[in-house]
Structure formats: C-alpha cells, structure tokens
Amino acid sequence: MKDLNILFAGFGGQGVLFAGKVAAYAGLIENKEISWLPSYGPEMRGGTANCSVCISDNPIGSPLVTNPNVLVVMNLPSLDKFIDTVEPGGTVIIDSALIHKKVERTDLNVHYVPSSSLAEENGLKGLSNMILVGKLFHEVCAAPGDYQFSTPETLDQALQKCIPPRKAGMLDFNRKAISLGAQA
Amino acid sequence: MQTVFQKPSALTDAPMHYCPGCTHGIVHRLVAQALEELGVEGRAVGVASVGCSVMCYDYFTCDMVQAPHGRAQAVATGLKRAKPENIIFTYQGDGDLAAIGTAETVHAATRGENITVIFINNAIYGMTGGQMAPTSLPGQITQTTPYGRDTNSAGYPVKVCEMLSTLDGVALAQRVTVNNVKNVNIARKAIKKAFQNQLDGKGYSIVEVLSTCPTNWGLSPIEALGWLEENMLPYYPLGVYKDVEGGVKK
Amino acid sequence: MKVLMKGNEALAEAAIRAGCRHFFGYPITPQTELAAYMSKRMPKIGGTYLQAESEIAAVNMVLGASAAGVRAMTSSSSPGISLKGEGISYMAGSDLPALIINVQRGGPGLGGIQPSQADYWQATKATGHGDFQILVLAPSTVQEMVDLVSDAFDLADQYRMPAMILADGMLGQMMEPVSLPEEAGAAPAQKDWAACGHGGKRPHNIVNSLYLTPDKLEELVKERFARYEQIKQHEQRAEEYLADDADVVVVAYGASSRVARGAVNKAREMGIKAGLVRPITLWPFPADALNRAASHAKNLLVVEMSMGQMIDDVKLAINCQKPVHFCGRTGGMIPTPAQVLEQIQALA
C-alpha cells in the first residue's frame with residue numbers, strides 16, 4: 001500500500017479521536033505500521049479537535065499529518081482550516097448534514113454523507129463519527145486501490161478492540177452505523 | 001556500682017554541635033528514649049531537616065535521611081509508603097516546618113500520614129544566625145526584624161498545633177516544653193505517645209516542643225529559659241490540641 | 001499481539017513491569033495520563049500512587065522511597081520539572097537512583113502545552129544546583145518509551161543516580177503499537193546503603209548530601225565524576241541511520257528525529273546522500289557515533305523543537321571540525337519534513 005495519512009477533524013465531543021482509534025486498530029490488526037496522534041488541551045473541551053492517523057508498510061516518521069490523503073471532517077471550521085492541505089487527488093468525507101458548504105477544489109474525491117442526520121434518524125445518536133468511518137473504509141481503506149490495507153471484517157475486529165467490555169452493548173449500534181456509512 | 005542514669009542506646013557517642021543551653025540536646029534524648037523504650041530503633045528511620053538539627057543524622061543510631069529544606073515530611077511520606085513496617089519520624093525546626101515546608105506539613109497532616117513529627121519551635125532561625133522565624137513573636141528583635149517583628153509588615157506568628165488540629169488527618173497534636181523537670185516529663189510522654197500512635201497505625205502525630213536559642217536570643221541559658229516562660233508560653237499555650245483516641249485511619 | 005497504547009500510558013505500564021511500585025506525581029498537561037494510569041493500576045497490585053501537593057513534594061517523596069531502597073518514580077512536564085530540580089540535585093548528591101519523566105511542553109514560564117524540546121539544556125546541564133549529571137534517555141517511539149523505562153531504572157540502580165526520560169507532548173499523547181515486556185520477577189537486589197531500618201544487624205545508614213568539610217565534598221564529587229567517566233565510556237547510545245556514507249548528517253532526537261527521518265528518506269529518493277544520527281542517550285552524549293558520521297560528512301544539520309540547544313553538544317562532540325547548521329521550531333511548533341528537506345538540499 002501507499003502511505004496513508006488520515007486527518008479526522010471536528011468539534012470536541014463528536015468522537016473524532018475514537019474514529020481515528022478504530023482506523024488505527026484496523027491497521028494494527030493488518031500488521032501495518034501505524035500512529036495515532038490527537039490534538040490535546042483546551043480544544044478537547046468543545047473547541048475544534050482533530051487526530052492524525054498514519055498507516056504504512058514502513059515505520060512512521062512524523063505522526064503529525066500536515067498534508068492528509070484523506071480528510072474526514074465533521075464541522076465547518078475544520079473544513080475551512082484543512083481543505084487546502086489535502087494532497088491533490090485525495091479524498092474528503094464530509095458530514096453534509098452539518099456542513100452545507102461544497103468543496104471548491106476540483107482535484108479531490110469528495111463524499112458528502114449526511115451522517116449526523118442519518119444517525120439521528122436511525123436511533124444512533126452520537127454515532128455520526130462511525131457512519132463516516134463506514135464510508136472511509138468503504139471508499140478507501142477496504143476499497144481496491146493504492147490505500148487498501150483492510151477488509152470490512154478487520155474493521156469489525158478493530159471495533160471490538162476499541163469498545164471496552166463495559167460498553168459492549170454499544171457494539172451493535174456501532175456496527176449499524178458503519179454499515180449505514182458504507183451504503184451512504 | 002548501680003547505674004541510676006545513662007544515655008539512651010539510640011544516641012551515638014558523637015559529640016553534639018549544639019550551643020550551650022540549647023534544648024535540642026534534651027529533645028534528642030527524649031526521642032532516643034522513646035525509640036529505645038518501644039524497642040523500635042532497629043526499624044526506625046529518622047529524617048533530618050535543614051536548620052540547626054541538620055546533622056542529627058550523626059546523633060541517632062537508627063538509619064537517617066537528610067531532607068531538602070522544608071521537605072522532611074514529603075521524604076518521610078516516601079519512606080513510610082515504601083516500607084510501612086518501618087517507624088518514620090521527622091525532626092524539624094520552625095523555619096523548616098512552618099515556613100518553607102508549610103505545604104508539606106499541612107498535606108502530610110491532612111493525609112493522616114502515619115508518621116511522627118517532632119517540631120522544635122524556638123521562635124528564631126538558628127543555623128543562619130538569628131533571623132525572623134515564622135514563629136517569632138510580635139515585637140521580637142531578630143537580625144531581620146531589628147526594630148522588632150512588626151505584624152503590619154511581617155505578619156503574625158504561625159500557631160502550628162492550633163492550625164493542624166483543625167485537620168481531620170491529625171491523630172495527635174500536642175505542644176510541650178522542656179524548661180523544667182515537670183515539663184520534660186510531660187514532653188517525654190508526649191513524644192513516646194507520638195511514636196506509639198504510629199505503631200498503632202493511628203495516623204499523623206506531631207509534638208511541638210517550645211525550645212530556647214540562647215545564642216541567637218542573646219541571652220544566657222538561664223535567662224533564655226526565663227524568656228521562654230515569660231514570652232513564649234503565653235503566646236503558645238502548652239497542652240493537647242488534638243488527640244483522636246481511635247486514630248484517623250478507617 | 002501488540003497493543004495500541006498512548007505514550008504516557010505505555011511509560012506507566014512499562015514502569016510497573018520494571019518493578020516500580022511507588023509513583024508520586026502531580027497533574028500537568030501533557031503528561032497527566034501517566035499519573036491517571038498509575039492511579040488505576042497501583043492500588044490493584046499493592047503499589048503506591050500518591051498525588052502530592054506539588055511537584056516539589058512529589059520528587060521528595062521519591063527521594064524518601066528511593067532512600068528506603070525501592071524503585072520509585074515521578075513524572076511531570078516542563079514547568080513541573082523546574083520545581084523538581086531541587087529534589088533531583090539532592091538525590092544526585094545523596095547517590096540515590098530514581099526515574100523522572102519529563103513530557104516536555106513549550107516554555108519558558110507557563111509557555112504552552114504543545115510538544116517541545118526546549119528542556120534539553122535543563123536535562124543535560126542543569127536540572128538543579130551543583131556539580132552533577134543525571135542520565136538522560138530520549139525515546140522516539142512509544143515502543144522505545146517502553147524499552148527505555150526498564151533500562152533507565154537499571155542504569156539508575158547500577159550507577160546510583162537519577163535517570164530522566166526526556167519525552168515530549170507528541171510522544172506522550174500519541175498511540176502506537178507496542179509489545180510490553182513480561183512483568184519483572186523478583187524484586188531488585190537488596191540495596192545495602194538504604195535507610196530501611198538496620199534491625200541491629202549493621203551500623204546505621206545515612207542518606208545525605210551535606211558535607212561541610214570542603215575537601216570531603218570535593219572528594220565525593222570527584223568520585224561521582226569518575227563514575228560519570230565510566231558512564232560516558234560504556235553507556236552512550238545512538239541510532240545511526242544511513243549515516244555511514246552521508247554527505248549531510250542530520251542530528252535529531254525524540255519527536256524531531258521522526259520528522260528528520262522522513263526528510264532523510266525523501267532526500268535519498270532524490271539522490272542526496274543524507275543520513276541521520278539519533279542520540280538515544282542525551283547524557284552521556286553519543287560523541288562516538290557523531291564523530292563516526294561526521295568524519296566523512298560535508299555538513300551536519302541539527303533539528304530540534306527549540307531555538308537550538310543540543311546543537312552545542314554536537315559542535316563540542318565533533319570539536320567543530322565540520323560546519324553544523326540548525327533547523328528548528330519552538331513554542332510547541334513541530335518542524336515539517338519539507339522544511340528539513342529544504343535545508344538538506346541546500347547543504348548537499
């Protein structure tokens with residue numbers, strides 16, 4: 001695979017760090033080199049939050065993703081902040097229920113997924129992030145191409161790793177969110 | 001020949017460096033006596049603080065650790081947490097315990113740390129040559145209060161036993177002095193009790209000993225005892241400020 | 001299988017597995033996860049987690065626990081390490097082993113909370129007052145954080161001195177896969193110098209840093225420095241990456257070495273002979289590796305997340321025989337591979 005650098009960005013509380021962790025774990029299960037780096041500090045409590053995930057066949061250099069191949073974005077300030085940093089030819093996955101703006105760049109593969117309203121409608125409150133992860137794996141991580149490193153089964157294993165036993169009841173909701181995202 | 005009086009076995013033969021008339025010697029003896037009587041010298045570890053008693057590590061026969069200025073009770077906390085079976089005591093002056101080490105004192109006390117604190121209050125900094133201590137009395141002349149301690153500018157003395165007795169972690173807070181035989185005996189019992197409390201797992205025990213500093217007070221040893229009686233005893237009343245029979249540990 | 005762990009948590013788990021049962025700390029970003037992890041684990045394994053009233057108290061609790069002969073540690077971030085300086089100096093002066101972890105953030109003062117390497121001078125030259133050194137180890141991955149923790153404890157015990165792991169906010173906060181070592185078996189050997197109660201079986205031990213007779217103090221400091229010479233001879237560590245034929249030798253440690261490695265790889269792809277020397281021990285400084293790489297290099301480029309601190313040691317190590325250049329960001333900014341690459345190109 002080619003080096004995959006993903007940036008998850010949104011508000012604190014939307015689950016961008018968790019989304020990144022699931023993607024990173026899928027890489028781990030597939031024996032890839034991976035890193036996961038969160039933004040931290042006051043921004044964790046309501047401001048913009050983001051996390052960098054690198055997945056590669058080779059040791060990860062800087063874990064800070066400054067030019068992502070894939071941007072998963074959950075709010076407008078983050079879209080405005082990061083859209084120009086995406087590598088040409090890269091992929092952008094947008095919660096279009098919260099972000100009404102269209103991407104002007106024409107050199108990107110942009111996927112508009114109304115994830116927060118999909119979550120709301122399907123009784124998956126708070127799982128908009130996992131709908132976008134479903135889309136991410138369907139379009140990039142588990143899709144034939146340069147950046148394929150995973151399968152839907154690996155993603156499911158990663159999910160099981162990331163949900164602590166005391167929240168095991170959440171597993172099926174997350175699975176549903178992922179499959180909604182894959183179909184979106 | 002019958003021995004009627006001897007040095008406690010928990011004191012070394014090293015000649016002490018204390019000035020004539022200083023009451024550190026008496027308090028050292030009382031601490032050593034408590035260790036001996038309770039049979040804990042072999043598992044005792046003392047913490048020497050910064051000040052006149054900094055070299056008390058040479059005078060006690062138990063293992064000793066010398067702590068940074070003010071940090072004796074933090075060091076004692078580390079020693080006790082590492083080896084709870086050991087008997088840990090600190091030996092601190094007023095500058096160490098009630099100025100630079102106030103935070104360490106208050107927090108060891110409020111944690112109910114199961115240690116024994118021997119606090120020498122002589123209302124002056126001895127080691128550095130007679131500067132104002134946190135416990136110097138209002139109006140007291142020292143090298144750094146040449147016109148007398150002005151409470152408007154230098155504030156008021158810290159009353160340690162009164163302050164600590166408000167904390168739930170304190171099992172014993174008692175103020176004693178060693179100006180005469182009767183009071184030495186009271187002090188002896190208080191210090192022994194402070195160690196016994198630790199053996200019984202009762203929690204933080206502090207004995208404040210009002211002491212003299214003839215050299216830095218500029219008085220003879222006899223005059224110094226008089227000064228203590230006339231000035232310190234009214235400001236720092238002797239007595240038991242707190243004594244929790246069952247200890248503070250649940 | 002490897003597990004995914006945050007650097008801060010990996011440091012804590014590694015310490016536990018290295019036999020440490022006594023942690024004294026105080027919250028500060030970006031190291032707090034380490035203390036939080038300890039607070040969860042220690043009570044379950046009969047260890048001590050104590051949240052002290054200050055960093056000063058925490059380091060002195062470490063002093064006390066170490067004096068009692070057990071493995072003890074504390075962790076903090078830059079402003080908190082300044083407060084620990086007193087205790088570190090006393091431990092050095094009392095020949096006490098201990099582990100101190102600094103997850104660096106930007107300074108001076110309260111500075112910021114983003115990753116930084118601005119405490120290099122403090123760690124390697126002046127953690128506190130007086131004539132002394134501490135061991136300083138600089139991991140660059142979460143796995144290396146794990147590996148260096150037990151090494152740091154062992155070296156500290158072996159040489160009877162404090163050891164520091166100098167990390168930074170990036171390494172502390174990031175997650176990477178790690179394999180954790182097996183739990184240490186038996187407790188480390190009895191320390192015959194410890195103040196743990198003599199039980200009537202030996203003369204009393206005194207753990208102390210006060211020596212009022214100058215010639216005695218000088219003798220002890222010199223004895224310590226003789227030990228430091230041994231350490232310099234035997235304990236230097238560095239990774240040399242594509243350095244044996246490099247025209248441009250990049251020198252970087254910790255998080256910035258990751259950025260530098262990326263730039264070196266790109267430079268090689270472009271046909272530029274670039275290499276990396278990554279100090280793992282910052283004290284002792286790996287002068288031997290530096291000299292090997294510098295002997296045939298045209299230029300050296302030091303990359304740091306500071307205004308340039310380690311660069312002094314690089315110049316000293318090679319006795320200024322080759323030009324040494326600098327590339328850095330400070331205040332919590334992280335250099336980019338492109339920025340480093342640009343300088344490598346200019347120097348090739």
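In this predicted model, two pairs of chains are in contact, and chains B and C share the most contacts. Chain A and chain B, by comparison, are joined by no contact; the closest C-alpha atoms of these two chains lie 28 Å apart. Chain C therefore takes part in both interfaces, being in contact with chain B over 35 residues from each chain and with chain A over 21 residues from each chain, where contact means heavy atoms within 4.5 Å.

The interface of chain B and chain C buries about 2,500 Å², of which 59% lies on carbon and sulfur atoms. To this contact chain B contributes 35 residues and chain C likewise 35 residues. Three salt bridges cross the interface under the rule applied. One of the ionic pairs between the two chains joins the side chains of C:Glu53 and B:Arg111, with an N to O distance of 3.1 Å. In addition, 19 residue pairs are in polar contact between chain B and chain C, both residues of each pair being at pLDDT 80 or more. On the side of chain B that touches chain C, at least two residues each are supplied by β1 (44-48), β2 (63-66), α2 (72-82) and α4 (102-110) of chain B. Among the contributors, α2(B) provides the largest share, namely seven residues. By residue class, this side of chain B comprises 16 nonpolar, nine polar and ten charged residues.

The association of chains B and C also includes strand pairing. Strand β2(B) pairs with strand β9 (residues 206-207) of chain C in the parallel sense, over two bridges. Within this pairing, B:Val65 stands opposite C:Val207 of β9(C). The two strands belong to an open sheet of eight strands with mixed pairing, ordered β7(B)-β5(B)-β6(B)-β4(B)-β3(B)-β1(B)-β2(B)-β9(C). The edges are occupied by β7 (239-243) of chain B and by β9 of chain C; each has a single partner strand, so one side of each is left without a neighbour in the sheet. Further inside the order given for the sheet, β3(B) is adjacent to β1(B). Strand β1(B) pairs with β3 (residues 87-93) of chain B in the parallel sense over five bridges. In this pairing, B:Val45 has B:Ile88 of β3(B) as its bridge partner. Strands β1 and β2 of chain B thus appear twice in the description, as members of the sheet and as suppliers of residues to the side that touches chain C.

The second interface, between chain A and chain C, takes 21 residues from chain A and 21 residues from chain C. About 1,700 Å² is buried between these chains, 75% of it on carbon and sulfur atoms. On the chain A side, the residues that lose the most area to chain C are A:Leu28, A:Trp36 and A:Tyr40, which together account for 37% of what that side buries. The count of salt bridges between chain A and chain C is zero, while five residue pairs are in polar contact, both residues being at pLDDT 80 or more. Elements α1 (16-29) and β2 (33-38) of chain A each supply at least two residues of the side that touches chain C. The residues of this side divide into 13 nonpolar, five polar and three charged.

With regard to the individual chains, chain C contains twelve helices and 15 strands. The radius of gyration of chain C is 20 Å, which agrees with the value near 20 Å that a compact globule of 348 residues would have. Along the principal axes, the C-alpha atoms of chain C fill a box of roughly 70 × 50 × 40 Å. Chain B has nine helices and seven strands. For chain B the radius of gyration is 17 Å, close to the 18 Å given by the globule rule for 250 residues, so this chain is as compact as a globular protein of that length. The corresponding box for the C-alpha atoms of chain B, again taken along the principal axes, is roughly 50 × 50 × 30 Å.

Over all chains, the structure holds 41 salt bridges. One example within chain A is formed by the side chains of A:Asp172 and A:Arg175, at 3.2 Å from N to O. Both residues lie in helix α6 (residues 171-183) of chain A, where, being three residues apart, A:Asp172 and A:Arg175 are separated by about one helical turn.

Conventions:
Residues numbered from 1 in each chain as written. Chains lettered and ligands numbered in written order. Heavy atoms only, no water. Buried area = accessible area lost by both parts, 1.4 Å probe. Salt bridge = Lys/Arg side-chain N within 4 Å of Asp/Glu carboxyl O. Polar contact = N/O pair within 3.5 Å; in protein donor to acceptor, adjacent residues only side chain to side chain. Helix = DSSP H or I, 4+ residues; strand = E, 2+ residues; numbered from the N terminus. Nonpolar A, V, L, I, M, F, W, Y, C, P; charged D, E, K, R; others polar. Pairing = 2+ DSSP bridges. Rg over C-alpha atoms; globule rule 2.2 N^0.38 Å.
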